[in-house]
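Reader: I should like to examine how the descriptive terms applied to this model are justified. Please take me through the reasoning term by term.

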Amino acid sequence: MRFLPKIIISPDISQFVYAVVVIILIPSLLAFNTLFLLHSVQRDTDYELNNKALLTESAVALYLQDKIASNSAAILQPALNGLVKDMPDIKAIEVFKVNQDDLTPLTTTSPTTKSVTDPILNKLAWSSDNAYSKQIMAEVGSGSPERIWLVASPVKDKQGKKVGLVDLYLSAAEIDAISNRTTHDSLIILVGTMVVTLLLLLNHFRFFEISILFKKLNEIDKLKDDFISMASHELKSPITVIKSYASVLTENPAIAADQEANRYLSIIYQSSERLRTLVDDILDVSRIEQKRLTFKMADYDLRSIINEVVAEYLPQAQSKGLKLTYTIDAIPLVISCDKDKAHQIFSNLVSNAVKYTPSGEISIYHQIKDGKVRTFVKDTGVGISKENREKLFSKFYRIYNDKTQDVPGTGLGLWITKQLVEKMNGQISVDSIENQGSQFVVEFPSKSAKTLEPQTTPPVAKPPRA
Ligand code: ADP
């Protein structure tokens, strides 16, 4: 007796670590991506703003060149005011004149604007002859501090002599408002995306669990199959022993004379026969499901296979008073099949026809069409309703009604039959009218597909296969 290994369903630690890493990593990457993008946009905007400030400054310095050279605040003031009015980004313009190598304020655009001039920046611009800029946070008049680009640039007269210095206060408030809005929106989108991603990940890990369970279930299923296969094999030998001893006892003259003992023996024999059928069916199901079934395909004449089957079931049909006919075709019906499996297919169908036909007849015949040979197994039995026909080829499906409940069976025969037919490139179908009869059709590709003249030959009765 083999012992079955124990299945332990334990959480997979590597899967768990993977899950945690993914849950941390993906939202972190999303956050990093958004913050990095925002930072890049801010840096590029600042760069452009600086350029804009320097450009504005040089335009303003050029415009004010003559007016500064005049050294008169009265001439300069209206020009400065006009500039600030026309360009709202410019918060203020301060003009310095040269006074014994010193820069002293000449005028400013607005008396309310607080001066945030930077003497070092001014000196740098003055001594290097270049415009210099810097970014500051300052309250230049509006009340709240804002980002200002402070640009200092020397102004030259037409002869190229430095005559003064201009400080320009260029506000970044408008751009900052836009970039604050963008940052705010991006952060909202980031949080939303992170929440959705987390939910998706959590859902994904539920699938993870399902896949682990599915794997375990498959293992359990395989164990079940192995167990069934092993148990069925183990059951086969005692059943054969019971059956053979029952046969031996029936032949014993002392027992043959005892009616009651005979009846008991017959019950033992029939019950062990039913048990054998069940075990055989279960073994077949397990072989099919585990794909352990092998097919020895070769060319066979279907007529001889069916003749054998009919001969086997003729005694049973006759004992029920049923007429069993096989309309045999004149020329060979060669199909490619495994002979034993083909025999099993038609045995199942003919045996069912005999089992489920209380009176009347069972006829078997062929039809050749489109290179295929169809075999009809037709009976005048209890029939099958439409709803039952739809589930007929399912595993363990049996129809229970007052006409079928006493008929022994496993509900596996038709499932096995369908699997065998399909694995040998065939098809099976059923047609039936309740209380009138059923017709099963098995179709195989034929190697001798010609239109044939049917001729009825009475089959020779043979004992059923052991
Ligand atoms: P079983 O071992 O019960 O016969 P099958 O898979 O061979 O299992 O058949 C499934 C069910 O289909 C049977 O229980 C029976 O009710 C129905 N059936 C099969 N063949 C016929 C038939 N020729 N006529 C009427 N009913 C049938």
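**Helix packing and the ligand shell**

Author: In this predicted model, H8 passes H10 in a left-handed crossing.

Reader: What makes the crossing of H8 and H10 left-handed?

Author: A crossing is called left-handed if the near helix is turned anticlockwise from the far one by less than a right angle. The axes of H8 and H10 cross at roughly 145 degrees and come within 9 Å. That angle is taken between N-to-C directions on a scale from 0 to 180 degrees, whereas the handedness rests on the sense of the turn.

Reader: Which residues of H8 and H10 meet?

Author: From H8 they are Lys 341, Gln 344, Ile 345, Asn 348, Leu 349 and Asn 352, and from H10 they are Gly 413, Leu 414, Ile 416, Thr 417, Leu 420 and Val 421. They count as being in contact because heavy atoms lie within 4.5 Å. By class, the contact has six nonpolar, five polar and one charged residues.

Reader: What is the handedness of the crossing of H7 and H8?

Author: H7 passes H8 in a right-handed crossing; the term applies if the near helix is turned clockwise from the far one. H7 spans residues 302-319 and packs against H8 at an angle of about 35 degrees, with the axes 9 Å apart. Among the residues that make the contact are Ile 305, Val 309 and Tyr 313 of H7, and Ala 342, Phe 346 and Val 350 of H8. The contact divides into 10 nonpolar, four polar and three charged residues.

Reader: Why is the pair formed by the ligand and Tyr 356 called a polar contact?

Author: An oxygen atom of the ligand lies 2.9 Å from an N or O atom in the Tyr 356 side chain. The cut-off for such a pair is 3.5 Å, so the pair qualifies. An oxygen of the ligand is also 3.2 Å from a polar backbone atom of Gly 413, and a ligand nitrogen is 3.4 Å from an N or O atom in the side chain of Ser 438; both values are within 3.5 Å, so these pairs qualify too.

Reader: How much of the ligand does the protein cover?

Author: The protein covers 98% of the 520 Å² of accessible area that the ligand has on its own. Two or more residues of the shell come from each of helix H8 (339-355), helix H10 (413-423) and strand E12 (437-445). H8 gives the most, with three residues.

Reader: What makes a residue part of the shell around the ligand?

Author: One of its heavy atoms must lie within 4 Å of the ligand. The shell holds 20 residues, and the closest are Asn 352, Tyr 356, Arg 398, Thr 410 and Leu 414. By class, 10 are nonpolar, seven polar and three charged.

Conventions. Residues numbered from 1 in each chain as written. Predicted model: local features only at pLDDT ≥ 70, side-chain atom pairs only at ≥ 80, totals over all residues. Heavy atoms only, no water. Polar contact = N/O pair within 3.5 Å; in protein donor to acceptor, adjacent residues only side chain to side chain. Areas by Shrake-Rupley, 256 points an atom, 1.4 Å probe, with all protein chains shown as cover. Helix = DSSP H or I, 4+ residues; strand = E, 2+ residues; numbered from the N terminus. Nonpolar A, V, L, I, M, F, W, Y, C, P; charged D, E, K, R; others polar.
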